[in-house]
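Colleague: Before I take this model to the bench, I would like to hear the reasoning behind the words used to describe it. Please set each value against its definition as we go.

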Amino acid sequence: MMKMWRIVVLVMLLIAGSVAPVAAQGKPGGGGGGNGGGPGSGGTCPTGTADVVLDPGHGDGDPGAVNSEYDLLEKNVNLDIAYQTMAILESHGYIVALTRYGDTALGNSERGAIANACGASVFVEIHLNGSTDPSVNFTSNFYGKKNKDLAFSQTMNGALSSLDIPNNGVGQFANGGLLHADMPSTLVEAVFLTNSGEAELLTDGTGSRQGQIAQAIANGVLAQVVG
Ligand SMILES: [Zn+2]
């Protein structure tokens with residue numbers, strides 16, 4: 001009886017197209033869950049299938065970390081880095097999907113659902129950190145579930161050492177995207193966008209720091225998928 005009731009409700013929700021995962025996790029470096037998302041963003045794979053899904057953190061009304069002195073919004077830099085990482089991995093023959101291709105809102109769980117829909121081998125959430133202290137700068141990684149995520153997070157953290165800043169290592173974080181995704185997943189906090197030196201590099205017009213971060217993330221993915 002209960003079962004039947006639940007099935008009927010589920011079918012009704014599916015028909016209404018309103019089965020939206022509840023995202024309520026904050027994350028390191030600020031930013032809430034956000035909710036909703038545009039049509040087609042709810043757990044469908046934009047490329048049909050993908051070997052790698054990259055998730056540029058934040059979007060739309062959720063800017064993530066902000067450096068107003070340098071006019072930097074984390075959501076925009078994350079997206080730029082994701083595109084560059086995608087290009088590197090595609091040059092190695094991998095099919096890569098992004099969870100967002102523009103400045104759009106996505107719930108955290110929805111991001112993991114997209115990785116599942118793609119049948120991806122790895123899922124990487126791309127973030128930059130923030131602090132009120134402009135001298136703070138280090139790289140760090142987070143895993144959701146130890147069994148599926150810890151080893152990949154350690155591999156990725158090792159690859160990020162190429163950024164040549166202090167490395168705070170790997171920690172656990174109950175992020176909806178990491179928890180929802182079925183495959184090895186990691187959240188990258190590559191550098192502090194609020195750090196003056198990083199902000200100088202990120203706004204020097206060459207895109208070279210963004211490229212270094214993208215290369216480091218790509219190297220971490222390749223170390224995982226190639227072995
Ligand atoms: Zn972030």
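Colleague: Which residue of S8 does Ser-140 stand opposite, and what makes S6 and S8 a pair?

Modeller: Ser-140 stands opposite Glu-189 in S8. Two strands pair if DSSP finds at least two bridges between them, and S6 and S8 have three, in the antiparallel sense, so they satisfy that rule. The names themselves come from DSSP runs, numbered from the N terminus: helices are H or I runs of at least four residues, and strands are E runs of at least two. Please keep in mind that this is a predicted model, in which local features need pLDDT of at least 70 and side-chain atom pairs count only at pLDDT 80 or more, while totals for chains, interfaces and linings use all residues. Residues are numbered from 1 along each chain as its sequence is written.

Colleague: How does S8 run relative to S5, and how many bridges join them?

Modeller: S5 and S8 run parallel and are joined by six bridges, with Asn-129 standing opposite Phe-192 in S8.

Colleague: What order do the six strands of the open sheet take, and why are some of them said to stand at the edges?

Modeller: The order is S4-S1-S5-S8-S6-S7, with mixed pairing. S4 (96-98) and S7 (167-172) each have a single partner strand, so one side of each is left without a neighbour in the sheet, which is why they are placed at the edges. From one strand to the next, the twist averages 20 degrees. The partner of S4 is S1, and these two pair in the parallel sense over three bridges; Val-53 stands opposite Ala-97 in S4.

Colleague: Where does H4 pack on the sheet?

Modeller: H4 touches S5, S6, S7 and S8, and its direction makes about 165 degrees with that of S6. H7, in turn, lies across S1, S5 and S8 and runs at about 155 degrees to S5. Angles here run from 0 to 180 degrees between N-to-C directions, and axes are lines fitted to C-alpha atoms, for helices over the stretch in contact.

Colleague: Why is H4 called oblique to H7?

Modeller: Their axes come within 8 Å and cross at roughly 140 degrees. Angles under 35 degrees count as roughly parallel, over 145 as roughly antiparallel, 65 to 115 as roughly perpendicular and the rest as oblique, and this crossing therefore makes H4 oblique to H7. H4 passes H7 in a right-handed crossing, the word used when the near helix is turned clockwise from the far one by less than a right angle, with anticlockwise giving a left-handed one. The contact is made by Phe-152, Thr-155, Met-156 and Ala-159 of H4 and by Ala-216, Asn-219, Gly-220, Ala-223 and Gln-224 of H7; contact means that the C-beta atoms of two residues, placed from the backbone, lie within 7 Å.

Colleague: What makes H2 and H7 oblique to each other?

Modeller: The axes of H2 and H7 come within 8 Å and cross at roughly 50 degrees, and the two helices are therefore oblique to each other. This crossing is right-handed, and the residues in contact include Val-77, Ile-81 and Ile-88 of H2 and Gln-210, Ala-214 and Val-221 of H7.

Colleague: How do you know that the span of H7 agrees with its number of residues?

Modeller: The expected span of a helix is 1.5 Å times one less than its number of residues. For the 19 residues of H7 (208-226) that gives 27 Å, and the end C-alpha atoms are 26 Å apart, which agrees. Just after H7, Gly-227 takes a positive phi of about 90 degrees.

Colleague: Why is Asp-60 classed as it is, whether buried, partly exposed or exposed, and where does Asp-71 fall?

Modeller: A residue is buried if 20 or more other C-beta atoms lie within 10 Å of its own, exposed if 12 or fewer, and partly exposed in between, with C-beta atoms placed from the backbone. Asp-60 has 16 such neighbours and therefore counts as partly exposed, whereas Asp-71, with 10, is exposed. Asp-60 lies in the loop between S1 and S2, and its phi is near 55 degrees, a positive value in a residue other than glycine. Asp-71 sits in the loop between S2 and S3, and its phi is also near 55 degrees. In S8, by contrast, eight of its eight residues are buried.
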